[in-house]
Amino acid sequence: MTLLGVGAAASPRFRPAGLLVEAGGRAVMLDGGGDASPSGPVAAWLVCDPRCELIADIRRRAGALGVRPAVEALRLGGLTVTPLPVAHTSHPAYGYLLERGGGTAAWAPEFWEFPGWAAGVDVMFADAAGWRRPIRFAGGVGGHAAALDTAARARALGVGRLVFAHVGRPSIRAIDAGEPLPFGEWGVEGRTYRLPR
């Protein structure tokens with residue numbers, strides 16, 4: 001699992017949040033777009049929000065690779081990828097549970113409420129658009145959880161390794177100010193993370 005980007009949409013510092021997952025000699029892209037796009041072939045390009053800000057760019061880039069962006073389950077070289085709902089906005093949005101052998105990971109880069117299905121995963125890639133306070137969408141139709149709340153919830157629910165992979169401006173300001181995370185770590189673009197066996 002390689003993070004191609006860790007930014008919220010229109011981030012001034014990071015590429016869009018995106019994860020390239022490789023298993024059994026094949027790859028699948030999760031979200032991304034823009035400069036956070038695969039350089040080689042993929043078996044599928046999965047998205048969490050089929051109406052996201054970058055969907056036109058993702059459609060174009062996915063089409064050039066011969067796939068279409070979708071929300072769907074798949075198996076890839078012993079890896080099972082399952083879309084599961086997240087509370088995020090007024091229309092359906094998803095995260096993905098990745099399972100291989102006994103190892104589990106959650107890709108949940110955008111949510112308003114911590115997804116219960118991510119409890120106890122070995123690795124969780126999570127939303128950090130907000131820092132101390134959640135970001136509420138206009139009209140009260142969801143938004144983004146605060147990184148500090150997500151850290152506390154992930155720790156309480158037994159997440160093994162928490163990696164923030166959708167970093168917004170409030171969290172960038174916290175990083176620049178040297179504010180520590182009580183649990184978890186900032187995702188690093190280009191870093192590869194592995195599921196435990």
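## Exercises on a predicted model

In helix α3, which spans residues 169-176, the buried residues are Ser171, Ile172 and Ala174. Keep in mind that this is a predicted model. Let's work through it together.

### Exercise 1: The faces of a helix

**Task.** Find out why the buried residues of α3 line one face of the helix, and which residues on the other side are exposed.

**Solution.**

Step 1. Start with the buried residues of α3: Ser171, Ile172 and Ala174. Seen down the axis of α3, they fall within an arc of 160 degrees, so they line one face of the helix.

Step 2. Recall a rule about helices: an α-helix has 3.6 residues a turn, so residues three or four places apart point the same way.

Step 3. Now turn to the other side of α3, where Arg173 and Asp176 are exposed.

Step 4. Look at what covers the buried residues of α3: the cover includes β10 (123-128), α2 (147-156), β13 (161-167) and β14 (185-186).

Step 5. Follow the chain onward: just after α3, Gly178 has a positive phi of about 75 degrees.

### Exercise 2: Reading the sheet

**Task.** Work out in which order the seven strands of the open sheet lie, and which strands are at the edges.

**Solution.**

Step 1. A reminder: strands of a sheet pair through backbone hydrogen bonds, either parallel or antiparallel.

Step 2. Trace the open sheet across its seven strands; the order is β6-β7-β8-β9-β10-β13-β14, with mixed pairing. At the edges are β6 (74-76) and β14, each of which pairs on one side only.

Step 3. Zoom in on β6, which runs antiparallel to β7 (residues 79-86) and is joined to β7 by three bridges. Here Leu74 stands opposite Val81 in β7.

Step 4. Add the helices. α3 packs on the sheet, where it touches β10, β13 and β14, and its direction makes about 115 degrees with that of β13. α2 lies across β10 and β13, and runs at about 160 degrees to β13.

### Exercise 3: Two cysteines

**Task.** Explain why Cys52 and Cys48 form no bond, and decide whether Cys48 is buried or exposed.

**Solution.**

Step 1. Count the disulfides: the structure holds zero. Cys48 is in none, and its nearest cysteine sulfur belongs to Cys52, 8.9 Å away.

Step 2. Compare that distance with the cut-off: a disulfide needs the two sulfur atoms within 2.5 Å. The sulfur of Cys52 is 8.9 Å from that of Cys48, its closest, so they are too far apart for a bond.

Step 3. Check burial, which means under 20% relative accessible area. Cys48 has 3%, so it is buried. Cys52 has 14%, so Cys52 is buried too.

How values were computed. Residues numbered from 1 in each chain as written. Predicted model: local features only at pLDDT ≥ 70, side-chain atom pairs only at ≥ 80, totals over all residues. Heavy atoms only, no water. Buried < 20%, exposed > 50% of the residue type's maximum accessible area, 1.4 Å probe, protein only. Helix = DSSP H or I, 4+ residues; strand = E, 2+ residues; numbered from the N terminus. Arc of directions from axis to C-beta. Contact = heavy atoms within 4.5 Å. Pairing = 2+ DSSP bridges. Axes fitted to C-alpha atoms, helices over the stretch in contact; angles between N-to-C directions.
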